[in-house]
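Colleague: Before I use this model, I would like to go through the terms in its description. Please show me the structure and tell me what each label rests on.

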Amino acid sequence: MINNKISDNVVLGRMDSHNLIIQVGNIDKDFEVATEYIKVLHNITLTILEGEFIIITGPSGCGKSTLLHTISGWEEPTFGNVLLFGEDIYAKDEEERAIFCNKKMTMVSQKSYWVNSLNVLENIALPYLISGYNKKEASKKAMQLLNLLELEELAYYKPADLSGGQQQRINLLRALINNPDIVLADEPTGNLDSLNTTFVMDLFQKINKDLKRTVIVVTHNPNFLDFATRVIIMKDGRIADTILNEPNFVSTKPVGDILDLKKHGLKIEKKDWLK
Amino acid sequence: MKISQIFFLSLKNLADRKIRSILTISGVCIGFGFIVYLLSLGYGVEKLTTDQISSPDTLSIFEISLSEDGESRAIDDKNIAEIGNINNVEHVEAAAILPASINVGPVKNDTIVKAYTRKFFELEELKIINGRLFIEDDSREVLITKGLQKILNISDNESFFPALDVKIMTNLALSPTNESDDLILIKSLKVVGIIEDDSPSVIVPFKTVRSSIDLVNYNVARVKVIDANNLTETRRQVEKLGFSTNYIGDTVSQIKSFFNIFRFILMGFGIIAMIVALLGMFNTLTVSLLERTQEIGVMKSLGAKRKTIWWLFISESLIIGFLGGVLGIIMGNIAGKATNTIFNFYALQNGGRAVDFFYTPIYLVLVMLILSILVGLITGLYPAKRAVKIKLLDAIKYE
């Protein structure tokens, strides 16, 4: 067991100014419930290095999702700040923040949310369109991504008509289309069976190991703790413990494109997928 | 996100909720259609009325007549020449109208003789429904009205048009050298045409009358002006010289102001229909906002700007408004044409005449198109503003 503050110092000791990607500084988060304020996050300080695979775990209600939302720019902390590549994201207005954060990172949620009138291909292409690409470029890129997971045949279905496992794969592809540096995931396997769960977690590991992307996953599934370079255990809104799986972790820069996953031998067992 | 893509997304969304979209667009369509239908009726009836009393040419012509109190100046050749010298006057032509009786074989009837030149005939824009105009101003040919044709029971077949004798009662005011109430007979005038008029009268070539009667003064003259826009000024100059004038445009503008009120009332009914349609449209957009709250969350989580979210709703309401407007204009027109056709069918069956009493001026179409866009914009403003304000996390968790 390593004390919170010590562990952070351990991390800080290993960093230099180039590899420091996310700094969470003294964050408090209160939620107003009826007339009371409930403190969900207590003075959390966390530093994440480029190329890390962080798993945030802990019992339900410990504040792990809230912490992730704070990092993603979705939930403004009551106190404290979050620096992304050295920039204070909550100093920006909502729109600037959304644009800035979406350039750097992506969020995969437990449940897949869709624009229901669009088909699979169009939903995957949506972030690309939002970033200003035209329809042709976006469709092409989305099709390449579908091809990556050999899901082309689902391109013209409505996502809501697909199984949970299929939806989560498409959700992942949509999250990856902008080739993000940081991938955040909130219980990404929460609704999946074991086969699908293994696939999703393998994919995250590949993204981290082969493409050197920073990955932060919130999960309460203890089976995956070994995937992480560092495990953060939360309790009652505090970081209760930190496990350094790779005490000698060396920060790395992202390499290649998401589409390069194929070169790195992404294993797809199709029969399992279409469940 | 490009505006075209936002519109595409809105179209997809409307297509995804087909029945509701169709119902909403139909509502707007009925509102616009009703307004277009009623206003076209208003314009059509007005056009029908004013067209019957005036063609564009008519509006450049005014009439000089003798006032009833006898105070106005006489209309004679000298005075006509004087009027002809006024700027903006293109032509002045006089005519005489005299009481008379006619004989066609044994049939005798009282009537009115109009001594017209060909030019005057043209200026009065009389319509020949059968036959032709007399060839020269001194021909021994006449035209009779439809009214007189009926009384005399003359066939429609030109080759059976009879010849007639007229006995014109002279009038001291017009022909001082003749004795008052003298009856001057002009024999065997060949009927060559029928004109559209229900009152009984005969149009006799001017010189043919003058060769029998010493006409010095006339009772009517028509002035054609060069520029109809300055007609009022020209008319004032003529009146200053002591003549009494009439202008069909006076009647036209009275009719126009009546129809303005008429249209206003019709529009009132249309606006009520429109308000009902707009409430429906507003309701649809508000429901759409609730249904799509999560989608707004998705869009925001993917980095969509406020402007994108705003346009997403505005474009949807613009599409509904515009489609409803365009379809409404088309439907209003079709309904008008259909009503017109049905009406004419019965009118013709009952011996009436086919008329167009629906008319949609092009500017009405343009105004309606602009209105449909405005309606879309205004209805979309509130839902769009609400959508922009929703917090990302609240939206994405909204079920």
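Modeller: This is a predicted model. In chain A, A:Leu20 has A:Leu49, a residue of strand 2, as its bridge partner.

Colleague: What makes strand 1 and strand 2 of chain A a pair?

Modeller: Two strands pair if there are at least two bridges between them. Strand 1 (residues 20-33) and strand 2 of chain A are joined over ten bridges, in the antiparallel sense, so they count as a pair.

Colleague: Why are strand 2 and strand 5 of chain A called edge strands?

Modeller: The open sheet holds four strands of chain A in the order 2-1-4-5, with antiparallel pairing. Strand 2 (36-49) and strand 5 (87-88) each pair on one side only, which is what the edge label refers to.

Colleague: What makes the largest void a cavity and not a pocket?

Modeller: A 1.4 Å probe fits in a cavity but cannot get out, whereas a pocket is open. The search of the whole structure finds four cavities of 30 Å³ or more, and the largest has a volume of about 100 Å³.

Colleague: Which residues line the largest cavity?

Modeller: From chain A, the lining takes A:Leu118, A:Glu122, A:Ala125, A:Leu129, A:Lys135 and A:Ser139; from chain B, B:Met1, B:Gln5, B:Phe8 and B:Leu9. Two or more residues each come from helix 4 (120-130) and helix 5 (135-148) of chain A and from helix 1 (3-16) of chain B.

Colleague: How is the lining of the largest cavity divided by class?

Modeller: Six residues are nonpolar, two polar and two charged. Glu and Lys count as charged, so A:Glu122 and A:Lys135 are the charged residues of this lining.

Colleague: What lines the second largest cavity?

Modeller: That cavity holds about 60 Å³ of space. Its lining includes A:Asn102, A:Met105, A:Thr106, A:Arg174, A:Ala175 and B:Leu302. Strand 6 (105-108) and helix 6 (164-176) of chain A are the elements that give two or more residues to it. By class, the lining has six nonpolar, three polar and one charged residues.

Colleague: Where do the domain names come from?

Modeller: They come from unreviewed UniProt entries: "domain: ABC transporter" covers residues 22-261 of chain A, and "domain: ABC3 transporter permease C-terminal" is placed at residues 268-391 of chain B. Such annotations may be inferred rather than shown by experiment. In the model, the chain A span is 31% helix and 28% strand, with its end C-alpha atoms 25 Å apart. The chain B span is 85% helix and 0% strand, and its end C-alpha atoms are 42 Å apart.

Notes:
Residues numbered from 1 in each chain as written. Chains lettered and ligands numbered in written order. Predicted model: local features only at pLDDT ≥ 70, side-chain atom pairs only at ≥ 80, totals over all residues. Heavy atoms only, no water. 1 Å grid on protein atoms, 1.4 Å probe; cavity = no way out; pocket = protein on both sides within 12 Å on 5 of 7 lines; lining within 4 Å. Points joined across faces, edges and corners; volume = space filled by probe spheres on them.
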